[in-house]
Amino acid sequence: MGDLGKRCIAELAGTALLVYFGAGAAAITLMIARGTDTGTPFNIGIGALGGLGDWFAIGMAFAIVIAAVIYSMGRVSGAHINPAVTIALWATKRFPAGEAGAYIVAQLIGAALGSLLFAASAGMDAVTIGGLGATAPFPGIGYGQAILAEAIGTFVLMVVIMGIAVDKRAPPGFAGLVIGLTVGGVITTIGNITGSSLNTARTFGPYLIDSLMGGPDLWVYLPIYIIGPIAGAVIAAFFYDFITGESSAAA
Amino acid sequence: MKCYVCAQEGRSSDAVAVCIVCGMGLCREHAMREELEMWEGGYPFPAKKVKAKIPRILCPECYHALKGK
């Protein structure tokens, strides 16, 4: 198997782990909170048990698995595990177009595999009650607001990736920890706005397996999680190059 | 500089290298060359092995200690 094939397998496995443990944590929270009086329509169950602490716990599940994937597979494939990150690196001429396409396909397949494995592990309640942790705008949040929130969240993620990993002046060894914690923090704040996907693959995987296994049909919201994360990540990459005065070709 | 290992054996030979760990002078016979692989890149890019390797000269004692032999 060629080098690109092995790297795509690493991307697939990394994204599967992200969805299994990250989105899985959201599904489990909904399953635990089943039947709890949420008190407000803005609360769909996540937050019923520990308020914002529920989102913090989900954020930490994402943080830990992201750090684990970056430290274990970062040297193999780059551990993007997110099409928005791959596209932002391609847009700033840091990643070849052909490989970017292969990476994105691998990430989408990996996300679906992660959701499928979670459903197999946790049972049908994970699909019908937990929705496999699929993201959707929360009650009262409009389409445009959701895109904006996803774009801002992914902007923060990508700026941190640029600063702690892409920039050669960054201190080595901190990328996994800092990037994981950044995602955890973003989820804590905007989780109850859009589910805080920041990642098209992370949303696509649960959507696909929910559709196949009788879970909620949320496809109408998919454009939010395509436009928002990709726009936020691409803007962040160019923004970082601008404020640091580096041309994209020099990196 | 003379080879330390040869001196221990009661011989005298000129050193052509120095052990990078202990600083021992070494003749050609006792200098052990180790090639270290070099990698570039890494998160968020794949790490790639660089063709060039970094040579490291070690004395027999340090070489075997590092190799666990």
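**Exercise 1. The contact between the chains**

Determine how many residues of chain A are in contact with chain B in this predicted model, and which elements of chain A contribute to that side.

*Solution.* Step 1: the count for this predicted model gives 15 residues of chain A in contact with six residues of chain B. Step 2: the elements of chain A that supply two or more residues to this side are α3 and α6 (143-166). Step 3: α6(A) provides the largest share, three residues. Step 4: sorted by class, the side of chain A that touches chain B comprises nine nonpolar, four polar and two charged residues.

**Exercise 2. The overall form of chain A**

Describe the elements of chain A and decide whether its radius of gyration agrees or disagrees with that of a compact globule.

*Solution.* Step 1: chain A has nine helices and zero strands. Step 2: a compact globule of 251 residues would have a radius of gyration near 18 Å, and the 17 Å of chain A agrees with this. Step 3: the C-alpha trace of chain A spans about 55 × 40 × 30 Å along its principal axes. Step 4: of the 251 residues in chain A, 57% are buried. Step 5: among contacts in chain A between residues at least 6 apart in sequence, 80% join residues at least 24 apart.

**Exercise 3. The surroundings of helix α3**

State how many residues of α3(A) are buried, and name elements that cover them.

*Solution.* Step 1: eight of the nine residues of α3(A) are buried, and this helix is thus described as mostly covered. Step 2: the buried residues are P83(A), A84(A), V85(A), T86(A), I87(A), A88(A), L89(A) and W90(A). Step 3: the elements covering them include α4 (97-122), α6, α8 and α9 of chain A. Step 4: just after α3(A), K93(A) adopts a positive phi of about 65 degrees.

**Exercise 4. The crossing of α3 and α9**

Find the angle at which the axes of α3(A) and α9(A) cross, the handedness of the crossing, and the residues that meet there.

*Solution.* Step 1: the axes of α3 (residues 83-91) and α9 (residues 222-244) of chain A come within 8 Å and cross at roughly 40 degrees. Step 2: the crossing of α3(A) and α9(A) is right-handed. Step 3: from α3(A), the residues A84(A), V85(A), I87(A), A88(A) and A91(A) meet P229(A), I230(A), A233(A), V234(A), A236(A) and A237(A) of α9(A). Step 4: by class, this contact has eleven nonpolar, no polar and no charged residues.

**Exercise 5. One residue of α9**

Is V234(A) buried or exposed, and which residues does V234(A) touch?

*Solution.* Step 1: V234(A) lies in helix α9 of chain A. Step 2: V234(A) counts as buried because it has 21 C-beta neighbours inside 10 Å, the cut-off being 20 or more. Step 3: leaving aside residues up to four places away in sequence, V234(A) touches I87(A), A88(A) and A91(A).

**Exercise 6. The packing of α1 and α8**

Establish whether α1(A) and α8(A) are roughly parallel or roughly perpendicular to each other.

*Solution.* Step 1: α1 (residues 3-32) and α8 (residues 200-213) of chain A pack at an angle of about 70 degrees, with their axes 10 Å apart. Step 2: angles of 65 to 115 degrees count as roughly perpendicular, and α1(A) and α8(A) are therefore roughly perpendicular to each other. Step 3: T15(A), L18(A), V19(A), G22(A) and A23(A) in α1(A) meet A201(A), R202(A), G205(A) and P206(A) in α8(A). Step 4: this contact of α1(A) with α8(A) has five nonpolar, three polar and one charged residues by class.

Note on methods: Residues are numbered from 1 along each chain as its sequence is written. Chains are lettered from A and ligands numbered from 1 in the order in which they are written. This is a predicted model: local features need pLDDT of at least 70, side-chain atom pairs count only at pLDDT 80 or more; totals for chains, interfaces and linings use all residues. Axes are lines fitted to C-alpha atoms, for helices over the stretch in contact, and angles run from 0 to 180 degrees between N-to-C directions. Helices (H or I, at least four residues) and strands (E, at least two) are DSSP runs, numbered from the N terminus. A crossing is left-handed if the near helix is turned anticlockwise from the far one by less than a right angle, and right-handed if clockwise. Two residues are in contact if their C-beta atoms, placed from the backbone, lie within 7 Å. Ala, Val, Leu, Ile, Met, Phe, Trp, Tyr, Cys and Pro count as nonpolar, Asp, Glu, Lys and Arg as charged, and the others, Gly among them, as polar. The radius of gyration is taken over C-alpha atoms; the globule rule is 2.2 Å times the number of residues to the power 0.38. A residue is buried if 20 or more other C-beta atoms lie within 10 Å of its own, exposed if 12 or fewer, and partly exposed in between; C-beta atoms are placed from the backbone. Angles under 35 degrees count as roughly parallel, over 145 as roughly antiparallel, 65 to 115 as roughly perpendicular and the rest as oblique.
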